Amino acid sequence: MALLAIHNARLVTGTWERPGGIVVGDDGRIEALVEADARPDAETVIDARGRLLFPGFIDAHVHMRDPGYAHKETFATGTMAAACGGVTTVMCMPNTDPPADSAEGIEAMRAAGEGTSLVDFTIQAGVTQDNIADIPALWDMGVTSFEALLSDAPASMLLDSDGLIRAAEAVAACGGVIGVYTGEPALVEAALDRLAGRTDFAAFAEARAPLGEAMGLARLIEIARATKARIVARQVCTARGFAMIEAARGDDPSVSIAAEVTPHHFSLDTGAVERHGPFALMVPPLRGPDDREASRKALGSGAADFVGSDHAPHAFDEKNRPSPWDVPGGTPGLDTIVPATVDLAAAGEIPWTRVAAALCSVPARLFGIADRKGRLAAGADGDLVLIDPGLSRTVDAGSIRSRAGRSPFEGTTLTGWPVLTVLRGRPIAEDGRYVGDEPRGRWLRRGAVDWS
């Protein structure tokens with residue numbers, strides 16, 4: 001007998017939307033797509049009541065903080081937020097202790113997640129000035145990307161321009177993917193010195209002006225063109241930035257550069273800093289209304305390829321400080337990535353298929369897990385999320401399951417929330433509550449990368 005059957009749904013993928021149902025076999029994989037009124041036998045049978053059924057959502061940008069920083073987040077607490085928020089796969093960033101920039105660090109992260117993670121996870125390796133020669137061996141371990149930082153990080157984690165070129169060449173040679181935060185370090189350093197006397201939280205954003213993104217992207221585009229590397233521009237958040245990426249891809253189809261956009265950049269603007277102070281500070285910072293609107297349009301048009309939350313939790317006492325220079329950048333995002341993105345479709349700003357592309361099929365394809373994730377097709381993992389497109393909720397502190405506890409989305413009303421999250425055929429969350437049993441999350445080894 002099948003493990004799960006869902007009928008009377010509206011199935012949504014990155015390329016199509018139609019009425020239907022789905023059957024998950026006892027191996028946890030999708031067995032068949034069926035007509036909406038079919039009633040297959042299964043251990044668990046669910047009437048979707050016409051709501052939207054998506055593949056399990058993927059968050060391709062998660063700082064899980066585990067191992068090493070359990071006071072900020074752990075796999076157990078972070079993936080509780082993921083499961084209740086409709087995310088069934090998290091891609092974990094390398095800034096842990098030990099950092100995931102070596103075989104030992106990657107194995108430490110894998111060990112931290114296995115047995116405690118409530119959803120599936122991948123590992124994204126860090127690249128520094130000192131480990132570029134290790135890129136082929138780390139890629140062979142099954143990581144989904146290499147992640148490079150040019151500014152706003154400890155010196156041991158930073159790459160200079162020459163290091164970035166050499167890293168991109170090494171990544172291209174092994175057929176890998178490299179993600180890069182596109183800030184301009186010289187501008188940030190000069191601005192931090194110039195604004196050091198300021199005590200208002202708006203200074204945090206002024207120190208990381210939009211010009212820095214444009215300068216960083218210009219360099220990144222040229223490196224992509226010269227090295228033929230597959231490069232992900234992380235957290236693009238300005239109108240100019242999206243225009244540059246579109247122009248580069250239009251002028252030269254051989255430039256392999258994908259753009260990530262975050263929910264806080266397309267949902268919030270600098271007004272959130274006025275309301276939430278230090279709890280709304282992240283890198284890159286929230287922008288003005290014009291850039292927020294540009295981010296929304298980029299998601300709808302495809303100029304932004306996929307959505308990543310940049311889930312970056314910190315302890316309350318670390319964030320609740322009076323000076324902008326003492327506040328670490330970063331806020332929780334796993335609780336809100338799905339409803340914030342769905343909210344745009346519920347308002348008619350983007351099609352439902354675009355939600356599925358940006359949170360399911362595109363990240364699965366770009367990062368090499370599309371053999372199992374991001375699809376509603378026989379043989380794929382039975383990761384499913386049922387969305388009520390008419391359900392409106394206002395985010396409050398009590399709804400944030402991340403250990404961070406506070407979110408710049410507090411007070412924001414979003415329409416379209418997950419009411420059921422399924423991992424490999426087993427419900428793990430219903431109506432925002434965890435209902436699973438023991439942790440079933442697995443580490444995912446990368447498969448074939450597809451940037452066609």
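1. A residue counts as buried when its relative accessible area is under 20%. In this predicted model, Thr89 has a relative accessibility of 0% and is therefore buried. Thr89 is placed in strand β7, which covers residues 87-92. Beyond its neighbours within four places in sequence, Thr89 touches Phe57, Ile58, Asp59, Val119, Asp120, Thr122, Ile369, Lys373, Asp383 and Leu444.

2. Three of these contacts of Thr89, namely Asp120, Lys373 and Asp383, deserve a further remark. Lys373 is in a salt bridge with Asp381, with 2.8 Å between the closest N and O atoms. Both partners are buried: Asp381 has a relative accessibility of 2%, and Lys373 has a relative accessible area of 2%. Through shared partners, salt bridges connect Asp120, Arg372, Lys373, Asp381, Asp383 and Arg424 in one network.

3. Arg424, a member of that network, also merits a check of its backbone. Although Arg424 is not a glycine, its phi is positive, at about 45 degrees. The residue belongs to the loop between β15 and β16, and its relative accessibility of 8% means that Arg424 counts as buried. Asp431 is likewise a non-glycine residue with a positive phi, here about 50 degrees. Asp431 sits in the loop between β16 and β17 and is partly exposed, with a relative accessible area of 43%.

4. The search of the whole structure yields 24 salt bridges. One of them pairs the side chains of Glu184 and Arg219, at 3.3 Å from N to O. Glu184 belongs to the loop between β10 (177-181) and α5 (185-194), whereas Arg219 is part of helix α7 (residues 210-227), so this pair ties together parts 35 residues apart in sequence. Glu184 is buried, its relative accessible area being 12%.

5. A further salt bridge is formed by the side chains of Glu349 and Arg296, with an N to O distance of 2.7 Å. This pair links distant parts of the chain, 53 residues apart: Glu349 is in the loop between α13 (337-346) and α14 (352-366), and Arg296 is in helix α11 (residues 289-301). The environments of the two partners may be stated separately. Glu349 is partly exposed, at a relative accessible area of 42%, while Arg296 is buried, at 13%.

6. Trp451 is located in the segment after β17 (433-434). With 18% relative accessibility, Trp451 falls in the buried class. Apart from neighbours within four places in sequence, its contacts are Val177, Arg230, Ile231, Val232, Ser256, Ile257, Ala258, Arg365 and Leu366. For Leu366 the geometry is specific: its backbone oxygen is 2.9 Å from a polar atom of the Trp451 side chain. Between Trp451 and Glu169, which are 282 residues apart in sequence, the C-alpha to C-alpha separation is 17 Å.

7. Helix α1 (residues 75-84) is mostly covered, with 8 of its 10 residues buried. The buried residues of α1 are Phe75, Thr77, Gly78, Thr79, Ala81, Ala82, Ala83 and Cys84. They pack against β7, α2 (103-113), β8 (120-126), β15 (413-423), β16 (426-430) and β17. After α1 comes Gly86, which has a positive phi near 95 degrees.

8. Two cis peptide bonds should be noted. One joins Asp66 and Pro67, with omega about 10 degrees; Pro67 is in the loop between β6 (57-62) and α1. Another joins Val283 and Pro284, with omega about -5 degrees; Pro284 is in the loop between α10 (271-276) and α11. Gly68 also lies in the loop between β6 and α1 and is partly exposed, at 46% relative accessibility. Gly68 and Pro284 are 216 residues apart along the chain, and their C-alpha atoms are separated by 24 Å.

9. The largest pocket has a volume of about 1,100 Å³. Its lining comprises 44 residues, of which Asn95, Leu149, Asp152, Ala153 and Pro154 lie nearest the centre. Strands β9 (145-148) and β10 each contribute at least two residues to this lining. By residue class, the lining of the largest pocket consists of 20 nonpolar, 13 polar and 11 charged residues.

Technical notes: Residues numbered from 1 in each chain as written. Predicted model: local features only at pLDDT ≥ 70, side-chain atom pairs only at ≥ 80, totals over all residues. Heavy atoms only, no water. Helix = DSSP H or I, 4+ residues; strand = E, 2+ residues; numbered from the N terminus. Buried < 20%, exposed > 50% of the residue type's maximum accessible area, 1.4 Å probe, protein only. Contact = heavy atoms within 4.5 Å. Polar contact = N/O pair within 3.5 Å; in protein donor to acceptor, adjacent residues only side chain to side chain. Salt bridge = Lys/Arg side-chain N within 4 Å of Asp/Glu carboxyl O. 1 Å grid on protein atoms, 1.4 Å probe; cavity = no way out; pocket = protein on both sides within 12 Å on 5 of 7 lines; lining within 4 Å. Points joined across faces, edges and corners; volume = space filled by probe spheres on them. Nonpolar A, V, L, I, M, F, W, Y, C, P; charged D, E, K, R; others polar.
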